[in-house]
Amino acid sequence: MEVVNKKEEEILVFNKFLFFLIKYIGTPIICVSLLLLEAAKRIKFKHYKRLPLWEGNIIILPNHRSWWDVVIVPHIYFPWWFRELLRDLFDLVKELLITVFRLSRWIIDERVEIKIGSGENVFSPDVPITAADKRNLRYFPWLIGFIFRVNRKKHGGTAQERAASARFARRVLKRNGRIIVFAEGGRLNRVGDEEKIFDIATRKPILRMLEPGFCELVSITGAKVVIVILTGTEKFLLRKVTVKIGEPLSFPVGAPSELIRNTIDRARLDLYYEQEG
């Protein structure tokens with residue numbers, strides 16, 4: 001897409017090239033770093049075998065303590081992302097050539113201004129797409145493809161915007177994709193005590209309550225839910241991080257939201273208190 005003004009020309013770099021760049025260069029760097037941290041015993045992945053690696057129609061449900069959660073959780077499916085390389089190859093080369101051409105014009109002609117496109121969601125069955133808060137990621141439009149933005153009510157989101165996000169999530173799951181939903185609605189330390197779940201012995205908050213819309217999404221789609229519990233990410237690199245993966249939970253389409261909530265809440269607590277072993 002190119003927008004031509006009277007005196008200057010703005011050239012938009014299409015988001016898809018950035019998507020490929022992150023997917024096949026940025027992602028391996030992150031994953032190698034996580035593997036090195038695992039070898040150094042700074043991070044531990046428990047019950048990785050529980051992850052349904054070869055299945056789609058999956059909702060991954062992590063707790064949320066730190067921004068590091070958003071980096072770690074999507075990469076638990078690496079290196080299955082590379083299964084798509086041959087399928088992506090034609091588009092990757094095409095986008096590379098287009099981008100090189102546009103950048104060359106920007107270098108040669110001082111009237112040309114380069115801008116990053118706002119992007120589009122690129123369906124990718126092996127790459128989990130993360131539901132991200134629109135307000136927090138308003139400066140990162142180039143992440144579209146790895147995320148879909150949710151504008152929550154407390155940040156001025158309309159019912160139409162929330163419905164559009166839910167429709168997109170349903171389309172991904174219907175096409176046998178995977179999504180990551182931080183259904184607690186934000187980080188643990190960014191909410192009042194009335195929305196926290198406390199440890200009985202220590203009286204310290206350990207989890208947040210789930211947003212009601214999440215259970216409705218599970219009921220409508222019948223997608224499997226894989227709970228992930230992260231501890232230590234709020235002090236990443238300063239303390240050991242543990243990533244526990246729970247057994248997949250299945251619910252029939254149309255299951256009552258209250259039943260889904262109770263089952264998931266019980267499973268989250270069981271996984272949180274599971275002994276390190």
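Colleague: Let's start with the side chain of Arg 268: which backbone oxygen lies 3.2 Å from one of its polar atoms?

Modeller: That is the backbone oxygen of Arg 208. Keep in mind that this is a predicted model, and the distance comes from its coordinates. A polar contact here is a pair of N or O atoms within 3.5 Å, and the pair from Arg 208 and Arg 268 sits at 3.2 Å.

Colleague: Is Arg 268 buried or exposed?

Modeller: The idea is to compare relative accessibility with a cut-off: buried means under 20%. Arg 268 has 1% relative accessibility, so it counts as buried. This arginine belongs to helix 6. Beyond its neighbours within four places in sequence, its contacts are Leu 61, Asn 63, Glu 184, Ile 197, Leu 207, Arg 208, Leu 210, Ile 227 and Ile 229.

Colleague: How much of the protein is buried?

Modeller: Of its 277 residues, 47% are buried. The fold has six helices and twelve strands. For a feel of how the chain comes together, take contacts between residues at least 6 apart in sequence: 74% of them join residues at least 24 apart.

Colleague: Back to helix 6, then. At what angle do helix 5 and helix 6 pack?

Modeller: You read a helix pair from the angle and the distance between the axes. Helix 5 covers residues 212–221 and helix 6 covers residues 257–273; they pack at about 110 degrees, with axes 9 Å apart. Angles of 65 to 115 degrees count as roughly perpendicular, and therefore helix 5 and helix 6 are roughly perpendicular to each other.

Colleague: Which residues make the contact?

Modeller: Helix 5 contributes Pro 212, Phe 214, Cys 215, Glu 216, Val 218 and Ser 219, while helix 6 brings Ser 257, Ile 260, Arg 261 and Ile 264. By class, that contact splits into six nonpolar, two polar and two charged residues.

Colleague: I spotted a cysteine there. How many disulfides does a search of the whole structure find?

Modeller: A disulfide is a covalent bond between the sulfur atoms of two cysteines. The search here turns up zero disulfides. As for Cys 215, its relative accessibility is 1%, so it counts as buried. Cys 31, at 4%, counts as buried too.

Colleague: Now the backbone. What is the phi of His 47?

Modeller: Most residues other than glycine have a negative phi. His 47 has a positive one, about 65 degrees, and it is not a glycine. You'll find His 47 in the loop between strand 3 (43–46) and strand 4 (58–62). Asn 57 is in the loop between strand 3 and strand 4 as well, and its phi is also positive, near 55 degrees. With 21% relative accessibility, Asn 57 counts as partly exposed.

Colleague: And how far apart are the C-alpha atoms of Lys 94 and Phe 17?

Modeller: For this kind of reading, put the separation along the chain beside the separation in space. Lys 94 and Phe 17 are 77 residues apart along the chain, and their C-alpha atoms are separated by 8.9 Å. Lys 94 lies in helix 3 (residues 85–108) and, at 36% relative accessibility, counts as partly exposed.

Try the reading again on Phe 198 and Arg 208: ten residues along the chain, 8.8 Å between C-alpha atoms. Phe 198 is part of strand 9 (residues 196–198) and counts as partly exposed at 34%. Leaving out residues up to four places away in sequence, Phe 198 touches Asp 193, Arg 203, Lys 204, Pro 205 and Ile 206.

Definitions and conventions:
Residues are numbered from 1 along each chain as its sequence is written. This is a predicted model: local features need pLDDT of at least 70, side-chain atom pairs count only at pLDDT 80 or more; totals for chains, interfaces and linings use all residues. Side-chain values use heavy atoms; hydrogens and water are left out. A disulfide is a pair of cysteine sulfur atoms within 2.5 Å. Buried means under 20% relative accessible area, exposed over 50%, partly exposed in between (1.4 Å probe, protein chains only). Axes are lines fitted to C-alpha atoms, for helices over the stretch in contact, and angles run from 0 to 180 degrees between N-to-C directions. Helices (H or I, at least four residues) and strands (E, at least two) are DSSP runs, numbered from the N terminus. Angles under 35 degrees count as roughly parallel, over 145 as roughly antiparallel, 65 to 115 as roughly perpendicular and the rest as oblique. Contact means heavy atoms within 4.5 Å. Ala, Val, Leu, Ile, Met, Phe, Trp, Tyr, Cys and Pro count as nonpolar, Asp, Glu, Lys and Arg as charged, and the others, Gly among them, as polar. A polar contact is a pair of N or O atoms within 3.5 Å; within protein, one must be able to donate a hydrogen and the other to accept it, and residues adjacent in sequence count only if both atoms are side-chain atoms.
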